[in-house]
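Here's a quick walk through one model, with the cut-offs spelled out as we go. Have the viewer open and follow along.

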Amino acid sequence: MIVRQFTCRGITSQLCPRLTEPRTWVRQDMARPSSDLAAFREVFSKAKHVAILTGAGVSAESGVPTFRGEGGFWRKWQAQDLATPGAFSQNPSRVWEFYHYRREVMLSKSPNPAHKAIADCEARLRKQGRSVTVITQNIDELHHRAGSTNVLEIHGSLFKTRCMSCGHVAVNYKSPICAALEGKGAPDPNTSDAQIPPHELPRCEQGSCNGLLRPHVVWFGETLDSDILTRVEEELDCCDLCLVVGTSSIVYPAAMFAPQVAAKGVPVAEFNMEETPATMRFRFHFHGPCGSTLPPALARHDTELIVCTFTTLLCLS
């Protein structure tokens, strides 16, 4: 019941950058998280259901701009200025330029070692009768491209659209997504808005609808998909190990997921460039680029091999 406790679907499940009153999470025993890789590997080797929560930090190493924090601007706006229903209502052309630029950038990027380590881990553990579920805040689909198959995208995808008229959701990898956006979306602050008329923006191709399309992503102030939240809840309720990879732990409600798993006594390991408001709640913290710290942590090792062999022998006996 972890997710339901803190999202209340339709009230606090709205995407927001931080709590009104930010709180500092502190572990009950006040001990700092361990950075002992051998100790983590021992816990990892015994885990049957691994939940991996990922954020912008895991994709930053692929050169994906985050548009958040200092210097994170597209033209003169940050993501929270454009990723809102109000911004789209007032200026759909500008918002589509922003998302067109992001789509085109992503088509030129590739998964990095962290994405690949997660995908390889999922494939390997599946053969052992164990599971890995990726719960990501990212909308870039790099986990899919790395080979992960069990992925829950809680904020949607850059490569899906939703019709404002009929609600139809469609996968869309067109480049450009419509003729009017070709060559548009330059991030330079001196670039003027293209001011594309609404009828030339991406339109619905479902039957004769022709309604205005929007990116199928969760914008600030919008409610997360209840079906996705239900699946996230199920995974967090049954996981016996949780990894937090490249997330700032300030965007809610996702920032609540790992602390509440930790509150149940489930081991949580954080892989991040810096400590976050939730770090002190976790058993492990590994500082550094995810592409460097995560692959050795998730690689097959002797303890895992011994456990796997012992399990196989039990099944054969």
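## The cavity

The largest cavity has 16 lining residues, and Leu53, Gln137, Thr247, Ala254 and Ala255 are the ones nearest its centre. This is a predicted model, so local features need pLDDT of at least 70 and side-chain atom pairs count only at pLDDT 80 or more, while totals for chains, interfaces and linings use all residues. Residues are numbered from 1 along each chain as its sequence is written, and side-chain values use heavy atoms, with hydrogens and water left out.

On a 1 Å grid over the protein atoms alone, a cavity is a set of points where a 1.4 Å probe fits but cannot get out; a pocket is an open set with protein on both sides within 12 Å along at least five of seven lines, and lining residues have an atom within 4 Å of a point. Grid points are joined across faces, edges and corners, and a volume is the space filled by probe spheres set on the points.

Searching the whole structure turns up one cavity of 30 Å³ or more. The largest cavity holds about 120 Å³ of space. Which elements supply at least two residues each to its lining? They are β1 (49-54) and α10 (254-263), with α10 giving the largest share, five residues. (Helices, H or I with at least four residues, and strands, E with at least two, are DSSP runs numbered from the N terminus.) By class, the lining has eleven nonpolar, five polar and no charged residues. Here Ala, Val, Leu, Ile, Met, Phe, Trp, Tyr, Cys and Pro count as nonpolar, Asp, Glu, Lys and Arg as charged, and the others, Gly among them, as polar.

## The second largest pocket

The second largest pocket has a volume of about 290 Å³. It is lined by 18 residues, with Glu153, Gly156, His216, Asp225 and Ile228 closest to its centre. Two or more lining residues come from each of β3, β4 (156-163), β6 (213-217) and α9 (226-238), and β4 gives the most, with four. The class split for this lining is six nonpolar, five polar and seven charged.

## Strands and pairing

Now for the sheet. Six strands make an open sheet in the order β3-β2-β1-β7-β8-β9, with parallel pairing; two strands pair if DSSP finds at least two bridges between them. At the edges, β3 (151-153) and β9 (284-287) each pair on one side only.

β4 takes part in two antiparallel pairings, one with β6 and one with β5. β4 and β5 form a hairpin with five residues between them, and glycine 167 in the turn has a positive phi of about 80°. Some pairings, side by side:

| Strands | Sense | Bridges | One bridge pair |
|---|---|---|---|
| β2 (131-136) and β3 | parallel | three | threonine 136 and glutamate 153 |
| β7 (241-245) and β8 | parallel | four | cysteine 242 and valine 268 |
| β4 and β6 | antiparallel | four | arginine 162 and arginine 214 |
| β4 and β5 (169-171) | antiparallel | three | threonine 161 and alanine 170 |

How covered is β8 (268-272)? Five of its five residues are buried, where buried means under 20% relative accessible area, exposed over 50% and partly exposed in between, with a 1.4 Å probe and protein chains only. In a regular strand the side chains alternate between the two faces of the sheet. In β8, Val268, Glu270 and Asn272 are buried on one side, and Ala269 and Phe271 on the other. β4 is mostly covered too, with six of its eight residues buried.

## Aromatic rings

Rings of Phe, Tyr and Trp (its six-membered ring) pair if their centres lie within 6.5 Å; planes under 30 degrees apart count as stacked, over 60 as edge-to-face and the rest as tilted. By this rule the count comes to twelve aromatic pairs. Phenylalanine 40 and phenylalanine 284 have ring centres 5.7 Å apart and planes at 85°, so this pair is edge-to-face. The pair links distant parts of the chain, since phenylalanine 40 sits in helix α2 (37-46) and phenylalanine 284 in strand β9, 244 residues apart. Phenylalanine 284 also forms a stacked pair with phenylalanine 286, at 6.2 Å centre to centre and 10° between the planes.

Are these three rings' residues buried or exposed? Phenylalanine 40 is buried at 0% relative accessibility, phenylalanine 284 at 3% and phenylalanine 286 at 8%. Elsewhere, Trp74, Trp77, Phe88, Phe98, Tyr99 and Trp219 form one aromatic cluster.
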